[in-house]
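This briefing introduces a protein structure to a reader at the start of their studies. Please keep the sequence and the model in view while reading the points below.

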Amino acid sequence: MKEIIPATLTQQENYKLLIGSIIPRPVALVTTQSAQGIVNIAPFSFFNIVSSNPPVVSLSVQRKNGIEKDTARNLREQGEGVIHILDEENVFEANETAANLAPEESELSVAKLTLVPSSKVLTPGLQEAKVRFEVSVLERIDIKKEETVTADFFLLQIENYVIAEEVYEDGKINPHKLAPVSRLAGQDYSKLGEIFSLARPK
């Protein structure tokens, strides 16, 4: 077995090992809104469940050259947003939102996505997602290397689930009908694939 000390690697080398090992990763397509009312849309795969009581998810927004991204700034300033689950039908348009745009320019200018009003937050959601969570910021944590902030980590409490009727069955989500898409390394993504069951020991 090969052993590698993270402290001996560059940020990019650590990144490659992490995203190549921790796979597949769920992807959050996040809408936030600036104080000026500009809607930002961006995909993030540093995202997961934290708690079901209360329902809380995590989102880590990496900084580039120490600069806070639009999503992190809007979450910090407005205290809310909407998380959408990436699926086979919205993945291509979602990928377009990863373009580097100025803060005053919305990703709606490059992606064919449709805004819809939210019920519990002011930030609009995206019609194209089969599952979305209207969230409020529970906590924000600076991730630092020495004294430099390298990522903005958020705990987001779900205030409202918005789920397409077609994927909602008896209080559960039908994974086949959701058809989620996950992130691998580089430019690679993955579909759901084969599902198998395994009983937990008593």
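How many bridges join E2 to E3, and do these strands run parallel or antiparallel? Six bridges join E2 to E3, and the two strands run antiparallel. The model is predicted. The points below begin with the sheet to which these strands belong, then turn to the helix across it, the nonpolar cores and the salt bridges.

**The sheet as a whole**

- Seven strands make up an open sheet, in the order E3-E2-E6-E9-E10-E5-E4, and their pairing is antiparallel.
- The edges of the sheet are taken by E3 and strand E4 (47-52); each has a single partner strand, so one side of each is left without a neighbour in the sheet.
- From one strand to the next, the twist averages 35 degrees.
- As a general principle, the strands of a sheet pair through backbone hydrogen bonds, in either a parallel or an antiparallel manner.

**Strand E2 and its two partners**

- Within the pair E2 and E3, Thr32 has Asn40 in E3 as its bridge partner.
- E2 and E3 form a hairpin with five residues between them. In the turn, Gly37 has a positive phi of about 85 degrees.
- E2 is also joined to E6, by four bridges, and these two strands run antiparallel.
- The bridge partner of Val30 in E6 is Ile83.
- E2 is mostly covered, as five of its six residues are buried.

**Strands E6, E9 and E10**

- Five bridges connect E6 with E9, and the two run antiparallel.
- Ile83, the partner of Val30, also stands opposite Phe133 in E9.
- E9 and E10 pair over 14 bridges in the antiparallel sense.
- Among the facing residues of E9 and E10, Ile143 has Ala151 in E10 as its bridge partner, and Lys145 stands opposite Thr148 in E10.
- The hairpin of E9 and E10 has two residues between the strands, and Glu146 takes a positive phi near 60 degrees there.

**The helix across the sheet**

- Helix H2 lies across E2, E3, E5, E6, E9 and E10.
- The helix runs at about 55 degrees to E2.

**The nonpolar cores**

- The largest nonpolar core has 21 residues. Phe47, Leu59, Ile83, Phe133 and Leu156 have the most contacts inside this core.
- Two or more residues of this core come from each of strand E2 (28-33), strand E3 (39-44), strand E5 (55-62), helix H2 (70-78), strand E6 (80-85), strand E9 (131-145) and strand E10 (148-163).
- Another core, of 11 residues, lies apart from the largest one; Val39, Ala94, Leu113 and Leu126 are among its members.
- In soluble globular proteins generally, nonpolar side chains tend to be buried together.

**Two residues and their contacts**

- Setting aside residues up to four places away in sequence, Phe47 touches Pro26, Val27, Ala28, Val57, Ser58, Leu59, Ile83 and Ile85.
- Val57 is placed in strand E5. Its relative accessible area is 4%, and Val57 is therefore buried, the cut-off being under 20%.
- Leaving out neighbours within four places in sequence, the contacts of Val57 include Phe47, Asn48, Ile49, Val50, Ile83, Phe154 and Leu156.
- Val57 and Glu68 are 11 residues apart in sequence, and their C-alpha atoms are 20 Å apart in space.

**Salt bridges**

- The count of salt bridges comes to 10. In general, side chains of opposite charge can pair when their charged atoms come close.
- Arg76 and Glu68 meet through their side chains in a salt bridge, at 2.9 Å from N to O. Is each partner buried or partly exposed? Arg76 is partly exposed, at 40% relative accessible area, whereas Glu68 is buried, at 19%.
- Asp142 and Arg140 form a salt bridge of 2.7 Å, N to O. Asp142 is partly exposed at 33% relative accessibility, and Arg140 is partly exposed with a relative accessible area of 29%.
- In the salt bridge between Lys177 and Glu169, the closest N and O atoms are 2.9 Å apart. Lys177 is partly exposed at 43% relative accessibility, and Glu169 is partly exposed with a relative accessible area of 33%.
- Arg63, Arg140, Asp142 and Asp152 are joined into one network by salt bridges that share partners.

Conventions:
Residues numbered from 1 in each chain as written. Predicted model: local features only at pLDDT ≥ 70, side-chain atom pairs only at ≥ 80, totals over all residues. Heavy atoms only, no water. Core = buried A, V, L, I, M, F, W, Y, C linked by side-chain atoms within 4.5 Å. Buried < 20%, exposed > 50% of the residue type's maximum accessible area, 1.4 Å probe, protein only. Contact = heavy atoms within 4.5 Å. Salt bridge = Lys/Arg side-chain N within 4 Å of Asp/Glu carboxyl O. Pairing = 2+ DSSP bridges. Axes fitted to C-alpha atoms, helices over the stretch in contact; angles between N-to-C directions.
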